[in-house]
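Let's take a walk through this model, starting with a pocket and ending with a pair of packed helices. Keep the structure open and turn it as you read.

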Amino acid sequence: KMSKQPIPNLSTFYYWENFNYVLGYVKKQYQNLLSDSEIIFIQEFENLSKESQCLYLRLASRRALWFREEKLTYVEISNIPLSLDELGEKGFICFASKLDCVDLGSILSVFSKKECISLTSKLAHFPKYSSTISKDHLVDLCKPFSYEIMQVLNGIASRLICPVQLEYFTFIQFLFFGTKFRDMSEFVIRDLGHRQYVAVNEEEFVPYFQTRKEAVEKWKISLWRENFYEMSKDPASIDELVQSWNQDILPMYVDISDVAMGSFERALFSLGRWLERLGC
């Protein structure tokens, strides 16, 4: 009979330790590949207080675009408002203002339907609607009133927060993992005692990329594929997707690096199969 291994407790700051491990590796192996703005991002991140670094990592690792200050609770971060002030001052987050009305859909995604109804009740000329309306439909009705709704939201005490500089945050992880389809959660699997399945001497890690060109090519294809998976849900995207392939990805083929070739071919097959299914 196999005895169950106890699951080790993760350190309170496990995600911070893991990201710092990734940062250290990227600085050591890829210093010559990094752009000036990526180096500045790393330096400015490292100059933040530990709690602000933790809060940025928490927000940047989540799928949502916007967050409500009063909903943020992380036991390891003692003063969230203070960390938010530092992150705002140093350019790692932005706060919603009346200017963000273009992104109203993603801002309202952090409010319940009941809260959205309460917001619309404060607008004098909002159209009448049925009480059984879906939240998506209600958000659509809100869009012409974006400016007024953002004014109401700004009158509410709590701040709305959006992490920024995410392209640098994800690119650093991409350099470490060699793909955009793996992320920091890989470390949690390792830390929960599954290390014995991947007996790797970390000193022997070989960097995925030798040149900036290799990294940028694979990164661009990864971003295109991610966009393709979203847009291909709608057959009306054909022209836009084919145009973006022809403009952004196909020209690379002339002298594409070996490292990026597999990604290029997989993206091409995905696009071809999708077009074929649509009868193109």
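H9 is the top contributor to the lining of the largest pocket, giving six residues. Keep in mind as you look that this is a predicted model. H9 spans residues 166-177, and it has company: H1, H3 (50-60), H10 (185-194) and H11 (212-231) each put at least two residues into that lining as well.

How big is the space they surround? The largest pocket has a volume of about 1000 Å³. It is lined by 31 residues, and if you want to find its centre, head for Ala60, Ser61, Arg62, Thr170 and Asp183, which lie closest to it. As for the chemistry of the lining, 17 of its residues are nonpolar, eight are charged and six are polar.

Now follow H1 away from the pocket to its packing against H2. Two packed helices are described by the angle between their axes and the distance between the axes. Here, the axes of H1 (residues 14-30) and H2 (residues 36-47) come within 12 Å and cross at roughly 140 degrees. Parallel, antiparallel, perpendicular or oblique? Angles have to be over 145 degrees to count as roughly antiparallel, so H1 and H2 are oblique to each other. Their crossing is left-handed.

Which side chains should you pick out? On the H1 side, the contact is made by Phe19, Leu23 and Lys27, and on the H2 side by Ile42, Phe45 and Glu46. Sorted by type, the residues of this H1 and H2 contact come out as four nonpolar and two charged, with no polar ones.

Notes:
Residues numbered from 1 in each chain as written. Predicted model: local features only at pLDDT ≥ 70, side-chain atom pairs only at ≥ 80, totals over all residues. Heavy atoms only, no water. Axes fitted to C-alpha atoms, helices over the stretch in contact; angles between N-to-C directions. Helix = DSSP H or I, 4+ residues; strand = E, 2+ residues; numbered from the N terminus. Parallel < 35°, antiparallel > 145°, perpendicular 65-115°, else oblique. Left-handed = near helix turned anticlockwise from the far one by under 90°. Contact = heavy atoms within 4.5 Å. Nonpolar A, V, L, I, M, F, W, Y, C, P; charged D, E, K, R; others polar. 1 Å grid on protein atoms, 1.4 Å probe; cavity = no way out; pocket = protein on both sides within 12 Å on 5 of 7 lines; lining within 4 Å. Points joined across faces, edges and corners; volume = space filled by probe spheres on them.
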